[in-house]
Amino acid sequence: MQDILKYNLLFDALERGFALFSQSSCGQEASAGFIDQPVRTCVTIPSKGFFGCMPVYIEAEDLLVSKLVTAFPKNKDIPSHNAIVAVFDASCGVPRALLDGDIITTRRTAAASAVATKHLVNGEPKVLAILGCGVQGTSHYDALTAMFQLEKSGSARSNVRVDDG
Ligand SMILES: NC(=O)C1=CN([C@@H]2O[C@H](COP(=O)(O)OP(=O)(O)OC[C@H]3O[C@@H](n4cnc5c(N)ncnc54)[C@H](O)[C@@H]3O)[C@@H](O)[C@H]2O)C=CC1
Ligand SMILES: O=C(O)C1=NCCCC1
């Protein structure tokens, strides 16, 4: 998965995907074809975390897929987020593949941030600051430095607590 999901490929795929989803009118039949992607459904595990289900059907790509993801932020020594991606045959509903969703989550999320930044930023960004040095802090560094020529980047280490208030 690490060898397949290169950031430059992800940037292009996500940009196309976001455009396709916007054109699909959120579940309506439209020029981009039919896409049904309801918002993530979450089950709460009180004081521990949540379990999320993220299904999608994309007619133009013949894709019927769902990510299943858990977020247990208090996990120690094991990842706080864990995921699998289940791929079904869109023509008959038969399951075809079960993918490790961890690298997909790690890189897709960061690549989506980089694509959004590219479209929203005012001018050419030169400085990157990241709060938190976990999985996403690291992957955002990788994605944003792959997208932009930065002059300066830095991060608050995980033992440097930044108060919400
Ligand atoms: N929208 C999306 O697709 C996704 C969103 N996320 C979200 O991104 C966030 C980060 O996820 P991961 O990097 O996978 O988690 P992680 O557990 O690997 O990293 C979190 C880091 O934040 C640090 N941290 C916690 N509180 C802090 C504070 N007050 N100040 C500075 N550092 C602090 C922790 O020490 C840890 O290093 C979570 O909120 C997660 O739910 C994660 C994956 C996908
Ligand atoms: O969209 C995702 O993927 C996730 N979002 C929030 C945290 C769990 C993974």
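**Note on the predicted model: strands, helix H2 and the nonpolar core**

1. Strand E3 and strand E4 (residues 63–71) run antiparallel and are joined by nine bridges. Within this pairing, Met-54 stands opposite Lys-67 of E4. The two strands form a hairpin with four residues between them, and Asp-62 there has a positive phi near 55 degrees. The model is a predicted one, and the points below should be read with that in mind.

2. E3, which covers residues 49–58, also pairs with E1 (residues 35–36), in the antiparallel sense and over two bridges. Ile-35 has Ile-58 of E3 as its bridge partner. A further antiparallel pairing, over five bridges, links E3 to strand E2 (residues 41–45). There the bridge partner of Val-43 is Phe-51 in E3. E3 is thus a strand to look at when tracing this part of the model, given its pairings with E1, E2 and E4. As a general point, side chains in a regular strand alternate between the two faces of the sheet.

3. E2 and E3 make a hairpin with three residues between them. Ser-47 lies in this loop between E2 and E3, and its phi is positive, near 60 degrees, although the residue is not glycine. Most residues other than glycine have a negative phi. Is Ser-47 buried or exposed? Ser-47 is exposed, because 6 other C-beta atoms lie within 10 Å, and the cut-off for exposed is 12 or fewer.

4. The loop between E4 and E5 holds Asp-77 and Ile-78. Asp-77 is another residue other than glycine with a positive phi, in this case near 70 degrees. Asp-77 counts as exposed because it has 4 C-beta neighbours inside 10 Å. Ile-78 has 7 other C-beta atoms within 10 Å and is therefore exposed. Nonpolar side chains tend to be buried together in soluble globular proteins. The C-alpha atoms of Ile-78 and Ile-35 are 35 Å apart in space, with their positions 43 residues apart in sequence.

5. Taken as a whole, the protein has three helices and eight strands. Their order from the N terminus is α-β-β-β-β-β-β-α-β-α-β. Of its 165 residues, 13% count as buried. Among contacts with a separation of 6 or more, 44% are between residues 24 or more positions apart.

6. Which residues make up the largest nonpolar core? The core has eight residues: Leu-10, Ala-110, Ala-111, Ala-114, Val-115, Ala-143, Leu-144 and Met-147. At least two of its residues come from helix H2 (102–120), and at least two from helix H3 (135–147). H2 gives the largest share, four residues. Ala-114, one of the core residues, touches Phe-11, Ala-143, Leu-144 and Met-147, leaving aside residues up to four places away in sequence.

7. The length of H2 can be checked. Its 19 residues should span 27 Å at 1.5 Å a residue, and the end C-alpha atoms are 27 Å apart, so the two values agree. The buried residues of this helix are Thr-105, Thr-106, Arg-107, Ala-110, Ala-111, Ala-114 and Val-115. These buried residues pack against H1, E4, strand E5 (81–89) and H3. In general, an α-helix has 3.6 residues a turn, so residues three or four places apart point the same way.

8. Ligand 2 has Gly-52, Val-69, Ala-71, His-81 and Thr-105 around it. By class, this shell has two nonpolar residues, three polar ones and no charged residue. Thr-105 is also one of the buried residues of H2. Val-69 and Ala-71 fall within the residue range of E4, 63–71, and His-81 within that of E5, 81–89.

9. Lys-6 is in the segment before helix H1 (7–23). Lys-6 is exposed because 12 other C-beta atoms lie within 10 Å, and exposed means 12 or fewer. Its C-alpha atom is separated by 26 Å from that of Gln-23, which is 17 residues away along the chain.

Technical notes. Residues numbered from 1 in each chain as written. Chains lettered and ligands numbered in written order. Predicted model: local features only at pLDDT ≥ 70, side-chain atom pairs only at ≥ 80, totals over all residues. Pairing = 2+ DSSP bridges. Near = placed C-beta within 6 Å. Nonpolar A, V, L, I, M, F, W, Y, C, P; charged D, E, K, R; others polar. Buried ≥ 20, exposed ≤ 12 C-beta atoms within 10 Å, placed from the backbone. Core = buried A, V, L, I, M, F, W, Y, C linked by C-beta atoms within 7 Å. Contact = placed C-beta atoms within 7 Å. Expected span 1.5 Å × (residues − 1).
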